[in-house]
Amino acid sequence: MLSNGNKQVAPIEGSLTQCFENSCLTLWTINSFYQRISSQVFSTGLCKENVWRLELNKERNDYSLGLCLKLTLVDSKTTPLVAKVEYHLVTRSPYTAENFHNLGTTVELKRGESTILPLSILKQNTYCHNKIQHLQIYCRIASQDVNDHNVTRTIKKFEMQFLKYTVFQDLESILKSEDLSDVDLNVGQQVFHAHKAVLASRSPVFMAMFQNNMHEKLSNCVDIPDISPEVMQILLRYMYTNSVDGVENFADDLMAAAEKYQLEGLKAFLLIERTKVLSDNNVFESLILADRFNAPDLKIECLNYVIEHIDNIQKMRGFDMFASTHPLLLKE
């Protein structure tokens, strides 16, 4: 065992390295753990022009979560060096699937630089590393041409630019500008200028409205008396951009609108949001909502919540009234 200041450092036992033209495969077997365990240096490529060292570190203050692999480029004729690194870890025998973990990353390092890979996957294993008596690490490092890597980064940049300009962004711009609008939605005292094609493509109800010789098709005007302007604005933004903002104060009204216009995506989003915030104070309201809008998944979540918190819920004001007015819901 070697000494490094106040830390204990030991070479990894049983190391074996096989080099190929632009890569290497190294196997380490670790039978004892210290604060920090360091490998001997090893090389990538037949010419051994790239020299590496691997360390297994434990964070001093957290022995249950702090295990990580540190890979250092000790020396290289190419700087920066781009390499694809793959780790295969076996935490114990037998070598079954639950004891075998694959991790990988692509790194770009200059001489002397390191990359750290937290081994959070090990904390999820029944045999967390402070109990591990045996660990095998297979490490494969494949060097890449930096020019090839630059091309890859350029392609990714173009892909990001491509994704940036989506159809939903374009539709949001015409919603705001009202360019080429061909239908007016009369909501309270406010008029929203919209586009038949967009509304019809998103809602079967609007599709039927504009396909048949109904008043709305002939007059290019739709009267919507049962939705507030605030809800209509959120509804239109969803239909044009597939995004939803500011629903906290209008969730129930939006659910009713989504049901009326058969906007299943919006309905699903609202049900998910409702499920996330289930509490003693809103579980009965959510249960009634699920029953009203035929949402069986939300209903099941609500009933499960009631069962899990029945002691607290039975003590709440209003429980007896709910049980008497909605007995069938609780019986489910």
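**Exercise 1. Salt bridges**

In this predicted model, the count of salt bridges comes to 11. Work out how far apart in the chain Asp 75 and Arg 111 lie, and how open each is to the surroundings.

*Solution.* Start with the contact itself: Asp 75 and Arg 111 form a salt bridge whose closest N and O atoms are 2.9 Å apart. Next, place the two partners. Asp 75 belongs to strand S8 (residues 68-76), while Arg 111 is in the loop between strand S10 (100-109) and S11, so the pair links distant parts of the chain, 36 residues apart. Finally, check the exposure. Asp 75 has a relative accessible area of 38% and is therefore partly exposed. Arg 111, with 45%, is partly exposed too.

**Exercise 2. Bridges around helix H9**

Find the salt-bridge partners of Glu 273 and Glu 285, and say which helices hold them.

*Solution.* Take Glu 273 to begin with. Its side chain meets that of Lys 276 in a salt bridge (3.2 Å, N to O). Glu 273 and Lys 276 are three residues apart in helix H9, so about one helical turn separates them. Glu 273 is partly exposed, with a relative accessible area of 29%, whereas Lys 276 counts as exposed at 60%.

Now turn to Glu 285, whose side chain meets that of Arg 274 in a salt bridge (3.6 Å, N to O). Glu 285 sits in helix H10 and Arg 274 in helix H9, so this pair ties together parts that are 11 residues apart in sequence. Glu 285 counts as partly exposed at 40%. What about Arg 274: buried or exposed? The cut-off for buried is under 20%, and Arg 274 has 12%, so Arg 274 counts as buried.

**Exercise 3. Aromatic rings**

Describe the aromatic pairs that involve Phe 206.

*Solution.* A pair of aromatic rings is described by the distance of the centres and the angle of the planes. The count comes to two aromatic pairs. For Phe 206 and Phe 210, the centres are 5.9 Å apart and the planes are at 20 degrees, so this pair is stacked. Phe 206 and Phe 210 both lie in helix H5 (residues 204-211), four residues apart, about one turn of the helix.

Phe 206 and Tyr 261 form a stacked pair as well, with 4.7 Å from centre to centre and 0 degrees between the planes. Here distant parts of the chain are linked: Phe 206 is in helix H5, and Tyr 261 is in the loop between helix H8 (251-260) and helix H9 (264-276), 55 residues away. Phe 206 and Tyr 261 are both buried, and Phe 210 is buried too. Put the pieces together, and Phe 206, Phe 210 and Tyr 261 form one aromatic cluster.

**Exercise 4. A sheet of three strands**

Which strands stand at the edges of the open sheet S14-S13-S15?

*Solution.* Read the order of the strands: S14-S13-S15, with mixed pairing. Strand S14 (190-194) and strand S15 (221-223) each have a single partner strand, so they stand at the edges, and one side of each is left without a neighbour in the sheet. From one strand to the next, the twist averages 25 degrees. Then look at one pairing: strand S13 (residues 183-187) and S14 run in the antiparallel sense over five bridges. Within this pairing, Asp 184 stands opposite His 193 in S14.

Terms used. Residues numbered from 1 in each chain as written. Predicted model: local features only at pLDDT ≥ 70, side-chain atom pairs only at ≥ 80, totals over all residues. Heavy atoms only, no water. Pairing = 2+ DSSP bridges. Helix = DSSP H or I, 4+ residues; strand = E, 2+ residues; numbered from the N terminus. Axes fitted to C-alpha atoms, helices over the stretch in contact; angles between N-to-C directions. Phe/Tyr/Trp six-rings, centres within 6.5 Å; stacked < 30°, edge-to-face > 60°. Buried < 20%, exposed > 50% of the residue type's maximum accessible area, 1.4 Å probe, protein only. Salt bridge = Lys/Arg side-chain N within 4 Å of Asp/Glu carboxyl O.
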